[in-house]
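Hi everyone, thanks for having me. I'd like to walk you through one structure today, going from the inside out. Let's put it up on the screen.

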Amino acid sequence: MNSRIAGKILDIFGWKRIGGLMEEKYAIVLAAPHTSIWDFVIGFLYYESLGGHLKVMAKKEVFFWPLGGILRKLGCFPIDRRNPAGTIKNTIKQLEQSSDTCHIALCPEGTRKAIAKWKTGYHTMARGANAPVYLSIIDWGTKTVGIFAKVQLTENARQDTERIQKMYAEMKPQGLYKNNFRTE
């Protein structure tokens, strides 16, 4: 998609953009809140408006014909949620073997429902591939989308995740479905 068209679509629907493209060849991008499939659409348009192209993890169940082909063309790749270790290994491999820029977006909540304890698989992926982690927001309350922080990881995945949840809590973002997002 043309970056001007993507930006124009966001403008028409009143979305403000913050942040910009990441400088690193590969990175993990945490996107929250994630309460609807529309989060993917807004995030996709945002990144395309910058001239970038994100890869997005999605549950394998949505890759049926003809949707699967469309999703792959848009940069999505299927994951098997019943095999977290395999997903982590495959994602690390995808980052390390990419000859192009590879920024992978995923939702730390791991679901579109409200959960207090976010997943830590992103941490294993990032540390395994020596990739930086960026935080992005899709705030339906203020119609703001973009990258707002780069976080330094430690060896403690749970503490890092709690710190990240606090960063999101301070921003007070709203999901499309308000009751489906929480940070604690």
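Okay, let's start with two strands: β2 and β5 pair in the parallel sense, and there are five bridges between them. To see one of those partnerships, find isoleucine 28, whose bridge partner in β5 is isoleucine 104. Oh, and keep in mind that this is a predicted model.

Now, β5 has another neighbour. Strand β3, residues 54-59, also pairs with β5 in the parallel sense, this time over three bridges. Here you can look at valine 56, which has alanine 105 of β5 as its bridge partner.

So is β5 buried or exposed? Five of its five residues are buried, so β5 is largely enclosed by the rest of the structure. A quick reminder from class: side chains in a regular strand alternate between the two faces of the sheet. In β5, Cys102, Ile104 and Leu106 are on one side, His103 and Ala105 are on the other, and both faces are covered.

Let's move to the surface. After β5, in the loop that leads to α5 (121-129), you'll find arginine 112. Its relative accessibility is 37%, and because buried means under 20% and exposed means over 50%, arginine 112 counts as partly exposed. Arg112 gathers with Arg81, Lys113 and Lys119 in a surface patch of positive charge.

There's a nonpolar patch too, about 430 Å², made by Ile37, Trp38, Leu176 and Tyr177. Isoleucine 37 sits in the loop between β2 (26-32) and α2 (38-49), and with a relative accessible area of 54%, isoleucine 37 is exposed.

That's my tour, thanks for listening!

Note on methods. Residues numbered from 1 in each chain as written. Predicted model: local features only at pLDDT ≥ 70, side-chain atom pairs only at ≥ 80, totals over all residues. Heavy atoms only, no water. Patch = residues over 30% accessible without salt bridge, like charges linked within 9 Å, V, L, I, M, F, W, Y side chains within 5 Å. Areas by Shrake-Rupley, 256 points an atom, 1.4 Å probe, with all protein chains shown as cover. Salt bridge = Lys/Arg side-chain N within 4 Å of Asp/Glu carboxyl O. Lys, Arg positive; Asp, Glu negative; His and termini not counted. Charge placed at Lys NZ, Arg CZ, Asp CG, Glu CD. Helix = DSSP H or I, 4+ residues; strand = E, 2+ residues; numbered from the N terminus. Buried < 20%, exposed > 50% of the residue type's maximum accessible area, 1.4 Å probe, protein only. Pairing = 2+ DSSP bridges.
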